[in-house]
Amino acid sequence: MSGVVALHLLCQARVERPRADLELEALAEIASTLSHASDLNKALTSTLTILRLLLGMENGTVSLFDPGTGEVFIEAAPEMSDAERILGRLRQGEGIVGRTFQSGMPAVVPDVAEEPLFLDRTGTWRNFPERRALLAVPIRDGRTTLGVLTADRPHRLGPPTYDRDLRLLGVVTELIGARVRLAQLESPRQRETPDDAPVTAPLERFPGVVGSSRRMRDLLALVARVAPSRATVFLRGESGTGKEVLARALHEASTRAGRPFVAVNCAAITESLFESELFGHEKGAFTGATAGRPGRFELADGGTLFLDEVGEIPLASQVKLLRALQERQFERVGGSRTITVDVRIVAATNRDLEEAVRAGAFRLDLYHRLSVVTLDLPPLRDRKEDVPDLARHFLAALNEENSRRCELTEEAVTALAACRWTGNVRQLRNCLERAVVTSAQDRIAVEDVCPEPTGSCRLEEVSGSLGRVVATRPEPAPGSGSGSGLGPGSGSGSITASNPDGADRARVVQALARCGWVQAKAARLLGMTVRQLRYRVQKYGIALEQL
(Lines give C-alpha, C1' and ligand atoms only; values in the text may rest on other atoms or scores of the structure.)
Protein backbone atom coordinates (compact mmCIF):
# COMPACT_ATOMS: atom_id res chain seq x y z
CA MET A 1 0.00 0.00 0.00
CA SER A 2 1.48 3.38 -1.01
CA GLY A 3 2.00 6.21 1.46
CA VAL A 4 -0.55 8.41 -0.30
CA VAL A 5 -3.25 5.71 -0.16
CA ALA A 6 -2.50 5.12 3.50
CA LEU A 7 -2.86 8.83 4.25
CA HIS A 8 -6.21 8.95 2.46
CA LEU A 9 -7.47 6.02 4.52
CA LEU A 10 -6.34 7.78 7.67
CA CYS A 11 -8.12 10.91 6.51
CA GLN A 12 -11.38 8.99 6.13
CA ALA A 13 -11.10 7.61 9.64
CA ARG A 14 -10.09 10.97 11.11
CA VAL A 15 -13.47 11.85 12.61
CA GLU A 16 -13.74 8.45 14.32
CA ARG A 17 -10.35 8.60 16.09
CA PRO A 18 -9.37 10.67 19.11
CA ARG A 19 -7.69 13.97 18.28
CA ALA A 20 -4.64 13.07 20.37
CA ASP A 21 -4.04 9.88 18.35
CA LEU A 22 -4.25 11.81 15.09
CA GLU A 23 -1.81 14.44 16.33
CA LEU A 24 0.67 11.81 17.47
CA GLU A 25 0.46 9.99 14.16
CA ALA A 26 0.83 13.24 12.20
CA LEU A 27 4.01 14.13 14.12
CA ALA A 28 5.45 10.67 13.51
CA GLU A 29 4.71 10.88 9.76
CA ILE A 30 6.15 14.39 9.54
CA ALA A 31 9.33 13.45 11.41
CA SER A 32 9.85 10.47 9.13
CA THR A 33 9.22 12.54 5.99
CA LEU A 34 11.59 15.34 6.95
CA SER A 35 14.37 12.95 7.89
CA HIS A 36 14.20 10.75 4.79
CA ALA A 37 13.32 13.13 1.92
CA SER A 38 16.37 14.36 0.03
CA ASP A 39 14.61 17.34 -1.60
CA LEU A 40 13.64 20.14 0.77
CA ASN A 41 10.66 21.35 -1.26
CA LYS A 42 9.18 17.85 -1.51
CA ALA A 43 9.70 17.31 2.22
CA LEU A 44 7.89 20.55 3.10
CA THR A 45 5.08 19.84 0.63
CA SER A 46 4.55 16.37 2.14
CA THR A 47 4.51 17.88 5.64
CA LEU A 48 1.71 20.28 4.71
CA THR A 49 -0.20 17.47 3.01
CA ILE A 50 -0.04 15.36 6.19
CA LEU A 51 -1.41 18.27 8.25
CA ARG A 52 -4.33 18.59 5.85
CA LEU A 53 -5.19 14.90 5.57
CA LEU A 54 -4.83 13.94 9.23
CA LEU A 55 -5.71 17.12 11.09
CA GLY A 56 -7.84 19.09 8.61
CA MET A 57 -5.42 22.06 8.50
CA GLU A 58 -5.97 23.33 4.97
CA ASN A 59 -4.18 25.64 2.56
CA GLY A 60 -0.87 25.25 4.37
CA THR A 61 2.23 27.21 3.34
CA VAL A 62 5.88 27.28 4.34
CA SER A 63 7.57 30.61 3.66
CA LEU A 64 11.34 31.02 4.00
CA PHE A 65 13.54 34.08 4.31
CA ASP A 66 15.66 35.08 1.29
CA PRO A 67 18.75 36.97 2.51
CA GLY A 68 19.44 38.17 -1.02
CA THR A 69 16.19 40.12 -1.28
CA GLY A 70 15.31 40.62 2.38
CA GLU A 71 11.88 39.14 1.71
CA VAL A 72 9.91 36.08 2.84
CA PHE A 73 8.81 33.91 -0.08
CA ILE A 74 6.53 30.84 -0.30
CA GLU A 75 8.71 27.75 -0.68
CA ALA A 76 5.97 25.13 -0.44
CA ALA A 77 2.19 25.31 -0.82
CA PRO A 78 0.58 22.10 -2.15
CA GLU A 79 -2.83 23.69 -2.63
CA MET A 80 -1.55 26.67 -4.65
CA SER A 81 -0.56 26.86 -8.29
CA ASP A 82 2.95 27.98 -9.19
CA ALA A 83 1.59 31.29 -10.47
CA GLU A 84 -0.10 31.97 -7.12
CA ARG A 85 2.90 30.84 -5.10
CA ILE A 86 5.26 33.20 -6.96
CA LEU A 87 3.12 36.16 -5.89
CA GLY A 88 3.62 35.30 -2.21
CA ARG A 89 6.60 37.57 -1.49
CA LEU A 90 6.41 39.78 1.58
CA ARG A 91 8.82 42.14 3.29
CA GLN A 92 9.50 41.83 6.99
CA GLY A 93 6.59 43.32 8.93
CA GLU A 94 4.27 43.17 5.90
CA GLY A 95 1.02 41.25 6.33
CA ILE A 96 0.45 38.42 8.81
CA VAL A 97 3.40 36.35 7.56
CA GLY A 98 5.79 39.30 7.52
CA ARG A 99 4.79 40.36 11.04
CA THR A 100 5.13 36.81 12.36
CA PHE A 101 8.60 36.54 10.86
CA GLN A 102 9.66 39.93 12.22
CA SER A 103 8.35 39.34 15.75
CA GLY A 104 9.23 35.65 15.99
CA MET A 105 5.91 35.05 17.78
CA PRO A 106 2.97 32.88 16.66
CA ALA A 107 -0.27 34.56 15.58
CA VAL A 108 -3.93 33.57 15.23
CA VAL A 109 -6.47 35.28 12.98
CA PRO A 110 -9.92 34.02 14.07
CA ASP A 111 -11.59 35.07 10.79
CA VAL A 112 -9.40 35.74 7.76
CA ALA A 113 -12.17 37.58 5.89
CA GLU A 114 -12.41 40.23 8.62
CA GLU A 115 -8.68 40.79 9.23
CA PRO A 116 -7.41 44.06 7.59
CA LEU A 117 -3.77 43.02 7.99
CA PHE A 118 -4.30 39.92 5.87
CA LEU A 119 -3.15 40.88 2.36
CA ASP A 120 -4.00 37.72 0.34
CA ARG A 121 -1.24 38.47 -2.18
CA THR A 122 -1.73 35.11 -3.87
CA GLY A 123 -5.51 35.51 -4.22
CA THR A 124 -6.05 31.99 -2.85
CA TRP A 125 -8.26 32.77 0.12
CA ARG A 126 -10.84 34.76 -1.85
CA ASN A 127 -12.02 31.43 -3.32
CA PHE A 128 -13.16 30.11 0.07
CA PRO A 129 -16.76 31.13 0.89
CA GLU A 130 -16.71 29.56 4.37
CA ARG A 131 -15.28 31.19 7.46
CA ARG A 132 -11.84 30.03 8.53
CA ALA A 133 -9.10 30.92 10.98
CA LEU A 134 -5.42 31.37 10.07
CA LEU A 135 -2.59 30.06 12.24
CA ALA A 136 0.93 31.44 11.68
CA VAL A 137 3.96 30.02 13.52
CA PRO A 138 7.60 31.11 13.06
CA ILE A 139 10.13 28.51 11.89
CA ARG A 140 13.19 28.83 14.09
CA ASP A 141 16.60 27.29 14.50
CA GLY A 142 17.95 28.38 17.86
CA ARG A 143 17.53 32.15 18.02
CA THR A 144 17.35 32.56 14.25
CA THR A 145 13.99 32.86 12.50
CA LEU A 146 14.15 31.04 9.16
CA GLY A 147 10.57 31.42 7.96
CA VAL A 148 6.87 31.03 8.78
CA LEU A 149 4.40 28.13 8.61
CA THR A 150 0.72 28.96 8.07
CA ALA A 151 -2.37 26.77 8.00
CA ASP A 152 -6.13 27.38 7.86
CA ARG A 153 -8.59 25.91 10.37
CA PRO A 154 -12.11 25.97 8.89
CA HIS A 155 -14.84 26.82 11.41
CA ARG A 156 -16.81 23.80 10.29
CA LEU A 157 -14.38 21.55 12.19
CA GLY A 158 -15.99 22.60 15.46
CA PRO A 159 -15.09 24.83 18.41
CA PRO A 160 -11.65 26.43 18.07
CA THR A 161 -8.68 24.89 19.87
CA TYR A 162 -6.12 27.54 19.03
CA ASP A 163 -3.75 26.95 21.95
CA ARG A 164 -3.56 23.24 21.24
CA ASP A 165 -3.12 23.82 17.49
CA LEU A 166 -0.33 26.35 18.07
CA ARG A 167 1.53 23.94 20.37
CA LEU A 168 1.28 21.20 17.76
CA LEU A 169 2.45 23.48 14.94
CA GLY A 170 5.25 24.69 17.20
CA VAL A 171 6.61 21.13 17.33
CA VAL A 172 6.23 20.83 13.54
CA THR A 173 8.15 24.06 12.94
CA GLU A 174 10.97 22.86 15.19
CA LEU A 175 11.33 19.81 12.95
CA ILE A 176 11.11 21.98 9.83
CA GLY A 177 13.70 24.41 11.20
CA ALA A 178 16.23 21.63 11.70
CA ARG A 179 15.59 20.33 8.16
CA VAL A 180 15.95 23.79 6.60
CA ARG A 181 19.21 24.43 8.46
CA LEU A 182 20.52 21.06 7.29
CA ALA A 183 19.69 21.98 3.69
CA GLN A 184 21.57 25.26 4.10
CA LEU A 185 24.62 23.49 5.48
CA GLU A 186 24.53 21.02 2.58
CA SER A 187 24.75 23.92 0.10
CA PRO A 188 28.34 24.50 -1.08
CA ARG A 189 27.89 28.26 -0.80
CA GLN A 190 26.67 28.02 2.80
CA ARG A 191 29.29 25.47 3.77
CA GLU A 192 32.02 28.10 3.92
CA THR A 193 32.42 29.66 7.37
CA PRO A 194 34.27 32.83 8.37
CA ASP A 195 37.05 30.63 9.78
CA ASP A 196 37.89 28.85 6.54
CA ALA A 197 36.65 31.05 3.70
CA PRO A 198 38.50 34.40 3.32
CA VAL A 199 41.93 32.80 3.03
CA THR A 200 41.59 32.83 -0.78
CA ALA A 201 42.89 35.76 -2.78
CA PRO A 202 40.26 38.24 -4.06
CA LEU A 203 40.76 37.20 -7.70
CA GLU A 204 39.95 33.57 -6.94
CA ARG A 205 36.49 34.60 -5.74
CA PHE A 206 35.53 35.88 -9.21
CA PRO A 207 35.78 33.16 -11.88
CA GLY A 208 36.54 34.55 -15.33
CA VAL A 209 38.10 37.76 -14.01
CA VAL A 210 41.85 37.75 -14.63
CA GLY A 211 44.34 40.35 -13.45
CA SER A 212 46.67 41.08 -10.55
CA SER A 213 47.44 44.75 -11.21
CA ARG A 214 46.82 47.31 -8.51
CA ARG A 215 43.80 48.77 -10.31
CA MET A 216 42.17 45.37 -10.69
CA ARG A 217 42.81 44.43 -7.07
CA ASP A 218 41.22 47.69 -5.90
CA LEU A 219 38.26 47.17 -8.25
CA LEU A 220 37.62 43.59 -7.13
CA ALA A 221 37.92 44.55 -3.48
CA LEU A 222 35.10 47.03 -4.07
CA VAL A 223 33.09 44.40 -5.97
CA ALA A 224 33.47 42.02 -3.01
CA ARG A 225 31.98 44.64 -0.69
CA VAL A 226 29.14 45.54 -3.03
CA ALA A 227 28.14 42.02 -4.15
CA PRO A 228 26.18 40.93 -1.02
CA SER A 229 24.00 44.07 -1.10
CA ARG A 230 20.89 44.81 -3.17
CA ALA A 231 22.33 48.07 -4.55
CA THR A 232 22.16 48.87 -8.25
CA VAL A 233 25.63 48.75 -9.83
CA PHE A 234 26.72 50.86 -12.79
CA LEU A 235 29.72 49.59 -14.78
CA ARG A 236 31.55 52.14 -16.92
CA GLY A 237 34.42 51.56 -19.28
CA GLU A 238 35.53 51.40 -22.87
CA SER A 239 34.21 48.78 -25.25
CA GLY A 240 35.89 45.43 -24.72
CA THR A 241 37.00 45.98 -21.11
CA GLY A 242 34.91 43.05 -19.83
CA LYS A 243 31.85 44.70 -18.33
CA GLU A 244 29.61 41.65 -18.80
CA VAL A 245 32.27 39.35 -17.33
CA LEU A 246 32.44 41.55 -14.24
CA ALA A 247 28.64 41.70 -14.04
CA ARG A 248 28.48 37.89 -14.01
CA ALA A 249 31.23 37.75 -11.38
CA LEU A 250 29.27 40.18 -9.22
CA HIS A 251 26.16 38.02 -9.59
CA GLU A 252 28.05 34.82 -8.70
CA ALA A 253 29.52 36.48 -5.59
CA SER A 254 26.08 37.60 -4.36
CA THR A 255 23.38 35.71 -2.50
CA ARG A 256 21.48 35.55 -5.82
CA ALA A 257 24.04 33.21 -7.38
CA GLY A 258 21.53 30.36 -7.65
CA ARG A 259 18.98 32.57 -9.39
CA PRO A 260 18.87 33.69 -13.06
CA PHE A 261 21.39 36.05 -14.63
CA VAL A 262 19.71 37.69 -17.63
CA ALA A 263 21.75 39.90 -19.97
CA VAL A 264 20.14 42.43 -22.34
CA ASN A 265 22.02 44.34 -25.04
CA CYS A 266 19.93 47.50 -25.20
CA ALA A 267 21.68 48.66 -28.40
CA ALA A 268 20.54 45.58 -30.30
CA ILE A 269 16.81 46.08 -29.62
CA THR A 270 14.78 48.25 -31.96
CA GLU A 271 12.82 51.07 -30.37
CA SER A 272 9.43 49.57 -31.36
CA LEU A 273 10.20 46.29 -29.56
CA PHE A 274 12.08 47.65 -26.57
CA GLU A 275 9.21 47.65 -24.08
CA SER A 276 8.01 44.22 -25.19
CA GLU A 277 11.52 42.81 -24.80
CA LEU A 278 12.00 44.18 -21.29
CA PHE A 279 8.48 43.94 -19.86
CA GLY A 280 6.82 41.27 -22.01
CA HIS A 281 3.49 41.43 -23.82
CA GLU A 282 0.03 39.91 -23.69
CA LYS A 283 -1.64 37.96 -26.46
CA GLY A 284 -2.97 40.31 -29.13
CA ALA A 285 -0.98 43.31 -27.87
CA PHE A 286 0.28 43.94 -31.41
CA THR A 287 0.36 42.27 -34.81
CA GLY A 288 2.09 38.93 -34.48
CA ALA A 289 1.60 38.60 -30.71
CA THR A 290 -0.12 35.23 -30.92
CA ALA A 291 0.65 34.37 -27.28
CA GLY A 292 1.64 36.09 -24.07
CA ARG A 293 5.36 36.32 -23.43
CA PRO A 294 7.29 37.26 -20.28
CA GLY A 295 9.89 39.99 -20.57
CA ARG A 296 13.46 40.07 -19.34
CA PHE A 297 12.42 41.55 -15.98
CA GLU A 298 10.16 38.56 -15.29
CA LEU A 299 12.78 36.07 -16.46
CA ALA A 300 15.31 37.61 -14.05
CA ASP A 301 12.94 37.54 -11.04
CA GLY A 302 14.94 36.72 -7.93
CA GLY A 303 18.24 37.15 -9.77
CA THR A 304 20.22 39.80 -11.64
CA LEU A 305 19.27 41.77 -14.76
CA PHE A 306 22.26 43.09 -16.72
CA LEU A 307 21.41 46.07 -18.96
CA ASP A 308 24.35 46.43 -21.34
CA GLU A 309 24.72 49.59 -23.43
CA VAL A 310 22.11 51.29 -21.27
CA GLY A 311 22.98 54.63 -22.85
CA GLU A 312 21.29 53.46 -26.07
CA ILE A 313 17.81 53.11 -24.53
CA PRO A 314 15.29 55.22 -26.48
CA LEU A 315 14.21 58.32 -24.61
CA ALA A 316 10.53 57.36 -24.84
CA SER A 317 11.21 54.02 -23.11
CA GLN A 318 13.27 55.49 -20.29
CA VAL A 319 10.16 56.60 -18.35
CA LYS A 320 8.77 53.07 -18.00
CA LEU A 321 12.22 51.71 -17.16
CA LEU A 322 12.57 54.33 -14.42
CA ARG A 323 9.34 53.18 -12.77
CA ALA A 324 10.42 49.52 -12.98
CA LEU A 325 13.71 50.41 -11.29
CA GLN A 326 12.04 52.44 -8.56
CA GLU A 327 9.04 50.26 -7.75
CA ARG A 328 10.09 46.89 -9.23
CA GLN A 329 6.62 46.94 -10.77
CA PHE A 330 5.40 47.18 -14.37
CA GLU A 331 2.67 46.05 -16.76
CA ARG A 332 3.18 43.96 -19.87
CA VAL A 333 2.54 45.63 -23.21
CA GLY A 334 -1.19 45.32 -23.84
CA GLY A 335 -1.91 44.25 -20.25
CA SER A 336 -3.33 45.93 -17.16
CA ARG A 337 -2.14 43.56 -14.42
CA THR A 338 0.71 44.99 -12.35
CA ILE A 339 3.61 42.56 -12.04
CA THR A 340 6.00 42.77 -9.11
CA VAL A 341 9.48 41.32 -9.43
CA ASP A 342 12.59 41.18 -7.33
CA VAL A 343 15.65 41.84 -9.48
CA ARG A 344 19.03 43.37 -8.92
CA ILE A 345 20.02 45.77 -11.69
CA VAL A 346 23.55 45.93 -13.08
CA ALA A 347 23.90 48.44 -15.93
CA ALA A 348 26.83 49.18 -18.22
CA THR A 349 27.81 51.73 -20.84
CA ASN A 350 30.82 52.99 -22.76
CA ARG A 351 29.15 56.32 -23.50
CA ASP A 352 29.58 59.66 -21.75
CA LEU A 353 26.19 59.69 -20.03
CA GLU A 354 26.80 63.07 -18.43
CA GLU A 355 27.08 64.59 -21.91
CA ALA A 356 23.97 62.66 -22.98
CA VAL A 357 22.06 64.12 -20.02
CA ARG A 358 23.19 67.64 -20.94
CA ALA A 359 22.13 67.04 -24.54
CA GLY A 360 18.69 65.82 -23.42
CA ALA A 361 19.24 62.32 -24.80
CA PHE A 362 19.19 60.63 -21.37
CA ARG A 363 16.95 61.36 -18.39
CA LEU A 364 18.65 62.85 -15.36
CA ASP A 365 16.41 60.94 -12.89
CA LEU A 366 17.23 57.64 -14.62
CA TYR A 367 20.93 58.53 -14.52
CA HIS A 368 20.76 59.04 -10.75
CA ARG A 369 18.73 55.84 -10.29
CA LEU A 370 21.42 53.81 -12.09
CA SER A 371 24.42 55.48 -10.47
CA VAL A 372 24.00 54.08 -6.96
CA VAL A 373 27.36 52.29 -7.03
CA THR A 374 29.59 53.17 -9.99
CA LEU A 375 32.53 50.95 -10.93
CA ASP A 376 35.04 52.15 -13.53
CA LEU A 377 36.76 49.38 -15.49
CA PRO A 378 40.29 50.35 -16.52
CA PRO A 379 41.32 49.94 -20.18
CA LEU A 380 43.87 47.25 -20.88
CA ARG A 381 46.54 49.80 -21.83
CA ASP A 382 46.42 51.09 -18.24
CA ARG A 383 47.08 47.63 -16.76
CA LYS A 384 49.54 46.08 -19.17
CA GLU A 385 51.02 43.95 -16.40
CA ASP A 386 47.83 41.86 -16.69
CA VAL A 387 48.39 41.08 -20.39
CA PRO A 388 50.54 37.92 -19.81
CA ASP A 389 48.01 36.42 -17.39
CA LEU A 390 45.10 37.30 -19.67
CA ALA A 391 46.89 35.83 -22.68
CA ARG A 392 47.54 32.53 -20.93
CA HIS A 393 43.95 32.43 -19.65
CA PHE A 394 42.52 32.96 -23.14
CA LEU A 395 45.00 30.56 -24.70
CA ALA A 396 43.92 27.76 -22.33
CA ALA A 397 40.27 28.30 -23.27
CA LEU A 398 41.05 28.50 -27.00
CA ASN A 399 43.14 25.33 -26.85
CA GLU A 400 40.18 23.49 -25.38
CA GLU A 401 37.78 24.91 -27.98
CA ASN A 402 40.04 24.02 -30.91
CA SER A 403 41.65 20.81 -29.56
CA ARG A 404 45.12 22.37 -29.69
CA ARG A 405 48.08 22.48 -27.31
CA CYS A 406 49.46 25.87 -28.24
CA GLU A 407 51.71 27.87 -25.94
CA LEU A 408 53.18 31.36 -26.20
CA THR A 409 56.88 32.00 -26.53
CA GLU A 410 58.43 34.61 -24.25
CA GLU A 411 59.00 36.86 -27.27
CA ALA A 412 55.30 36.61 -28.19
CA VAL A 413 54.25 37.53 -24.65
CA THR A 414 56.59 40.54 -24.75
CA ALA A 415 55.14 41.59 -28.11
CA LEU A 416 51.59 41.32 -26.77
CA ALA A 417 52.46 43.41 -23.72
CA ALA A 418 53.88 46.12 -25.99
CA CYS A 419 50.63 46.60 -27.97
CA ARG A 420 48.31 49.53 -27.28
CA TRP A 421 45.17 47.34 -27.17
CA THR A 422 42.70 50.02 -28.17
CA GLY A 423 40.11 47.24 -28.39
CA ASN A 424 41.00 46.14 -24.85
CA VAL A 425 40.48 42.57 -23.61
CA ARG A 426 38.18 41.64 -26.51
CA GLN A 427 40.88 42.58 -29.01
CA LEU A 428 43.49 40.52 -27.13
CA ARG A 429 41.27 37.43 -27.25
CA ASN A 430 40.56 37.90 -30.95
CA CYS A 431 44.28 38.23 -31.64
CA LEU A 432 45.04 35.00 -29.81
CA GLU A 433 42.15 33.17 -31.47
CA ARG A 434 43.51 34.09 -34.88
CA ALA A 435 46.96 32.85 -33.83
CA VAL A 436 45.58 29.53 -32.53
CA VAL A 437 43.54 28.70 -35.62
CA THR A 438 46.17 29.83 -38.17
CA SER A 439 49.42 28.71 -36.53
CA ALA A 440 50.93 25.53 -38.00
CA GLN A 441 53.02 24.93 -34.87
CA ASP A 442 52.06 24.53 -31.24
CA ARG A 443 54.50 27.25 -30.22
CA ILE A 444 53.03 30.67 -31.01
CA ALA A 445 55.79 33.07 -31.98
CA VAL A 446 55.91 36.83 -32.55
CA GLU A 447 55.03 36.49 -36.23
CA ASP A 448 51.86 34.58 -35.28
CA VAL A 449 50.51 37.38 -33.11
CA CYS A 450 51.92 40.20 -35.27
CA PRO A 451 51.46 38.92 -38.84
CA GLU A 452 52.01 42.24 -40.64
CA PRO A 453 55.34 42.86 -42.45
CA THR A 454 55.88 45.94 -40.31
CA GLY A 455 55.85 43.75 -37.21
CA SER A 456 52.72 45.46 -35.89
CA CYS A 457 49.12 44.38 -35.57
CA ARG A 458 46.66 45.29 -38.32
CA LEU A 459 44.08 46.14 -35.69
CA GLU A 460 46.48 48.63 -34.10
CA GLU A 461 47.12 50.29 -37.46
CA VAL A 462 43.36 50.70 -38.02
CA SER A 463 42.83 52.00 -34.49
CA GLY A 464 45.78 54.33 -34.74
CA SER A 465 44.42 55.88 -37.93
CA LEU A 466 41.10 56.75 -36.30
CA GLY A 467 42.52 59.85 -34.72
CA ARG A 468 43.57 61.13 -38.16
CA VAL A 469 40.10 60.31 -39.52
CA VAL A 470 38.50 62.41 -36.79
CA ALA A 471 40.79 65.33 -37.56
CA THR A 472 40.13 65.28 -41.30
CA ARG A 473 36.41 64.39 -41.35
CA PRO A 474 34.46 67.25 -43.00
CA GLU A 475 31.36 68.67 -41.37
CA PRO A 476 27.94 67.98 -42.95
CA ALA A 477 26.69 70.55 -45.40
CA PRO A 478 24.44 73.22 -43.84
CA GLY A 479 20.79 72.33 -44.02
CA SER A 480 21.36 68.70 -44.86
CA GLY A 481 20.09 65.99 -42.49
CA SER A 482 22.60 63.79 -40.77
CA GLY A 483 21.53 60.88 -42.91
CA SER A 484 20.03 62.58 -45.95
CA GLY A 485 22.88 62.04 -48.33
CA LEU A 486 24.12 58.65 -47.23
CA GLY A 487 22.07 56.40 -49.45
CA PRO A 488 23.87 54.13 -51.93
CA GLY A 489 25.24 56.07 -54.83
CA SER A 490 24.16 59.50 -53.58
CA GLY A 491 26.38 62.50 -53.13
CA SER A 492 26.66 64.31 -49.80
CA GLY A 493 28.26 67.40 -48.41
CA SER A 494 30.00 65.20 -45.83
CA ILE A 495 32.07 63.46 -48.52
CA THR A 496 35.07 65.23 -50.03
CA ALA A 497 35.17 65.80 -53.77
CA SER A 498 38.74 64.56 -54.14
CA ASN A 499 38.18 61.06 -52.69
CA PRO A 500 34.54 60.57 -51.74
CA ASP A 501 34.71 56.81 -51.27
CA GLY A 502 37.79 57.06 -49.05
CA ALA A 503 36.26 59.72 -46.83
CA ASP A 504 32.96 57.85 -46.59
CA ARG A 505 34.75 54.61 -45.73
CA ALA A 506 36.80 56.36 -43.05
CA ARG A 507 33.63 57.84 -41.55
CA VAL A 508 31.95 54.42 -41.43
CA VAL A 509 35.02 52.83 -39.84
CA GLN A 510 35.20 55.62 -37.26
CA ALA A 511 31.53 55.20 -36.34
CA LEU A 512 31.86 51.43 -36.04
CA ALA A 513 34.94 51.78 -33.84
CA ARG A 514 33.22 54.31 -31.58
CA CYS A 515 30.24 51.97 -31.18
CA GLY A 516 32.26 48.85 -30.45
CA TRP A 517 31.52 47.48 -33.93
CA VAL A 518 27.80 47.18 -33.18
CA GLN A 519 26.18 47.97 -36.52
CA ALA A 520 22.82 49.09 -35.10
CA LYS A 521 24.52 51.71 -32.91
CA ALA A 522 26.83 52.88 -35.69
CA ALA A 523 23.88 53.28 -38.07
CA ARG A 524 22.08 55.50 -35.56
CA LEU A 525 25.24 57.55 -35.05
CA LEU A 526 25.60 58.06 -38.81
CA GLY A 527 21.91 58.82 -39.26
CA MET A 528 21.25 55.93 -41.62
CA THR A 529 19.49 52.60 -41.57
CA VAL A 530 21.26 49.36 -40.72
CA ARG A 531 20.68 48.24 -44.32
CA GLN A 532 22.48 51.31 -45.64
CA LEU A 533 25.37 50.72 -43.27
CA ARG A 534 25.68 47.08 -44.28
CA TYR A 535 25.74 48.17 -47.94
CA ARG A 536 28.75 50.39 -47.20
CA VAL A 537 30.48 47.66 -45.17
CA GLN A 538 30.18 45.32 -48.15
CA LYS A 539 31.01 48.00 -50.71
CA TYR A 540 34.21 49.14 -48.98
CA GLY A 541 35.28 45.66 -47.89
CA ILE A 542 35.32 46.49 -44.16
CA ALA A 543 36.22 43.16 -42.56
CA LEU A 544 34.21 43.26 -39.36
CA GLU A 545 35.27 39.77 -38.36
CA GLN A 546 38.83 41.05 -37.98
CA LEU A 547 37.84 44.00 -35.87
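In the predicted model, helix H12 is followed by Arg-328, a residue whose phi is positive, near 55°. The helix that precedes this residue, H12 (315-327), comprises 13 residues and spans 19 Å from its first C-alpha to its last, which is close to the 18 Å expected at 1.5 Å a residue. Its buried residues are Ser-317, Gln-318, Leu-321, Leu-322, Ala-324 and Leu-325. When H12 is viewed down its axis, these buried residues fall within an arc of 165°, so they line one face of the helix. An α-helix has 3.6 residues a turn, so residues three or four places apart point the same way. The cover over the buried residues of H12 includes helices H10, H11 (296-299) and H14, together with strands S9, S10 (329-331) and S12.

The largest nonpolar core of the chain contains 31 residues, among which Phe-297, Leu-305, Leu-307, Leu-321, Ile-345, Phe-362 and Leu-370 touch the most other members. At least two residues of this core are supplied by each of strand S8 (261-265), helix H10 (274-279), strand S9 (304-308), helix H12 (315-327), strand S12, helix H13 (353-358) and helix H14 (364-370), and the largest share, 4 residues, comes from H12. Within this region, Leu-307 is in contact, once its neighbours within four places in sequence are left aside, with Val-264, Cys-266, Leu-321, Ile-345, Val-346, Ala-347 and Ala-348. A second, separate core of 29 residues includes Ile-30, Leu-54, Val-62 and Val-137. In soluble globular proteins, nonpolar side chains tend to be buried together.

Ile-30, a member of the second core, is also one of the buried residues of helix H2, which are Leu-22, Glu-23, Ala-26, Ile-30, Thr-33 and Leu-34. Seen along the axis of H2, these buried residues occupy an arc of 95°, so they line one face of the helix, whereas Leu-24, Ser-35 and His-36 are exposed on the other side. Helix H2 (residues 19-36) has 18 residues and reaches 26 Å from its first C-alpha to its last, close to the 26 Å expected at 1.5 Å a residue. In helix H21 (residues 519-526), the residues Lys-521, Ala-522, Ala-523 and Leu-526 are buried, and this helix is followed by Gly-527, whose phi is positive, near 75°.

Further positive phi values are found at residues within a strand and within a loop. Most residues other than glycine have a negative phi, and most peptide bonds are trans. Asn-59, although not a glycine, has a positive phi of about 50°, and this residue lies in strand S1 (residues 58-66). With a relative accessibility of 1%, which is under the 20% limit, Asn-59 counts as buried. Glu-309 likewise has a positive phi, near 55°, in a residue other than glycine; its position is in the loop between S9 and H12, and at 9% relative accessibility Glu-309 counts as buried.

Two further buried polar residues were examined for the contacts of their side chains. Asp-342 is located in the loop between strand S11 (338-340) and strand S12 (344-349), and its relative accessibility of 4% is the reason why it counts as buried. The side chain of Asp-342 is joined to that of Arg-256 by a polar contact of 3.2 Å. Gln-427 lies in helix H17 (residues 424-438) and is buried, with a relative accessible area of 6%. The side chain of Gln-427 reaches the backbone nitrogen of Gly-423 at 2.5 Å.

For the chain as a whole, 22 helices and 15 strands are assigned, and 45% of the 547 residues count as buried. Among contacts between residues at least 6 apart in sequence, 66% join residues at least 24 apart. The chain exposes about 27,100 Å², of which carbon and sulfur atoms supply 52%.

Technical notes
Residues numbered from 1 in each chain as written. Predicted model: local features only at pLDDT ≥ 70, side-chain atom pairs only at ≥ 80, totals over all residues. Heavy atoms only, no water. Buried < 20%, exposed > 50% of the residue type's maximum accessible area, 1.4 Å probe, protein only. Polar contact = N/O pair within 3.5 Å; in protein donor to acceptor, adjacent residues only side chain to side chain. Core = buried A, V, L, I, M, F, W, Y, C linked by side-chain atoms within 4.5 Å. Contact = heavy atoms within 4.5 Å. Areas by Shrake-Rupley, 256 points an atom, 1.4 Å probe, with all protein chains shown as cover. Expected span 1.5 Å × (residues − 1). Arc of directions from axis to C-beta.
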